[in-house]
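Open the model in a viewer and keep the sequence panel beside it. The stops below say what to select and what is there.

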Amino acid sequence: MCHSYRAAFIAGHGDLEGMLVHDTYTVSYIATVIAAFFGCPIRCTRGVIFIASAPVIYAACTVLLPLEQDVTERLMVTLNLACIAVVCFVARSSCEIKERTEFLRLRNLQKLF
């Protein structure tokens, strides 16, 4: 879920000196997982957990790291991940409503004939 340097640092097997430290990989991976899950034909109620868990996963991956950036920047990234999860949830629920409406319309047409 995160870079190997994060796992090594959290486990106490390495330090961050001289390493390029950024959150791009972690944030893009979490965002990709969220988008992929909501892109699947799974009921949107199953995806509610991603709205809360995406920011928590990011915070868990970054809380033990030394502050290489401002705390407000980490909070903004956390809020952005929450926004991505909410937008994906709304998009998936909109698609699900359209699919269910179309299914109901077709079912009613079949009953007529």
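The tour goes from the whole chain to one helix, then to a helix pair and three single residues.

This is a predicted model, in which local features need pLDDT of at least 70 and side-chain atom pairs count only at pLDDT 80 or more, while totals for chains, interfaces and linings use all residues. Residues are numbered from 1 along each chain as its sequence is written, and side-chain values use heavy atoms, with hydrogens and water left out.

**Whole chain**

Start with a cartoon view of the chain, which has 4 helices and 0 strands. Helices are DSSP runs of H or I with at least four residues, strands are E runs of at least two, and both are numbered from the N terminus. From the N terminus the order is α-α-α-α.

Switch on the surface: the accessible area of the chain is about 7,600 Å², and 69% of that belongs to carbon and sulfur atoms. These areas come from the Shrake-Rupley method with a 1.4 Å probe; for residues, only the protein chains shown count as cover. Of the 113 residues in the chain, 27% are buried. Buried means under 20% relative accessible area, exposed means over 50%, and partly exposed lies in between (1.4 Å probe, protein chains only).

Contact means heavy atoms within 4.5 Å. Among contacts in the chain with a separation of 6 or more, 61% are between residues 24 or more positions apart.

**Helix α4**

Select residues 71–112, which form helix α4. How far apart are the end C-alpha atoms of α4? They are 62 Å apart, which agrees with the 62 Å expected for 42 residues at 1.5 Å a residue. The expected span is 1.5 Å times one less than the number of residues.

Now colour the buried positions of α4, among them Arg74, Leu81, Cys88, Arg92 and Glu96.

**α3 against α4**

Add α3, residues 48–62; its axis and that of α4 come within 8 Å and cross at roughly 160°. Axes are lines fitted to C-alpha atoms, for helices over the stretch in contact, with angles from 0 to 180 degrees between N-to-C directions. The two helices are therefore roughly antiparallel, a class for angles over 145 degrees. Show side chains for the contact: α3 contributes residues including Phe50, Ile51 and Tyr58, and α4 residues including Val77, Leu81 and Phe89.

**Phe38**

Move to Phe38 in helix α2, residues 24–39. Is Phe38 buried or exposed? At 6% relative accessibility, Phe38 is buried. Leaving out residues up to four places away in sequence, Phe38 touches Cys44, Gly47, Phe50, Ala85, Cys88, Phe89 and Arg92. A C-alpha distance from Phe38 to Val90 gives 9.5 Å, across 52 residues of sequence.

**Ile84**

Return to α4 and pick Ile84, which is partly exposed at 32% relative accessible area. Beyond four places in sequence, Ile84 touches Ala31 and Ile34. The C-alpha atoms of Ile84 and Thr32 are 9.9 Å apart, with their positions 52 residues apart along the chain.

**Glu96**

Finish further along α4 at Glu96, which is buried with a relative accessible area of 8%. Which residues does Glu96 touch, not counting those up to four places away in sequence? Ile42, Arg43 and Cys44.

Technical notes. Parallel < 35°, antiparallel > 145°, perpendicular 65-115°, else oblique.
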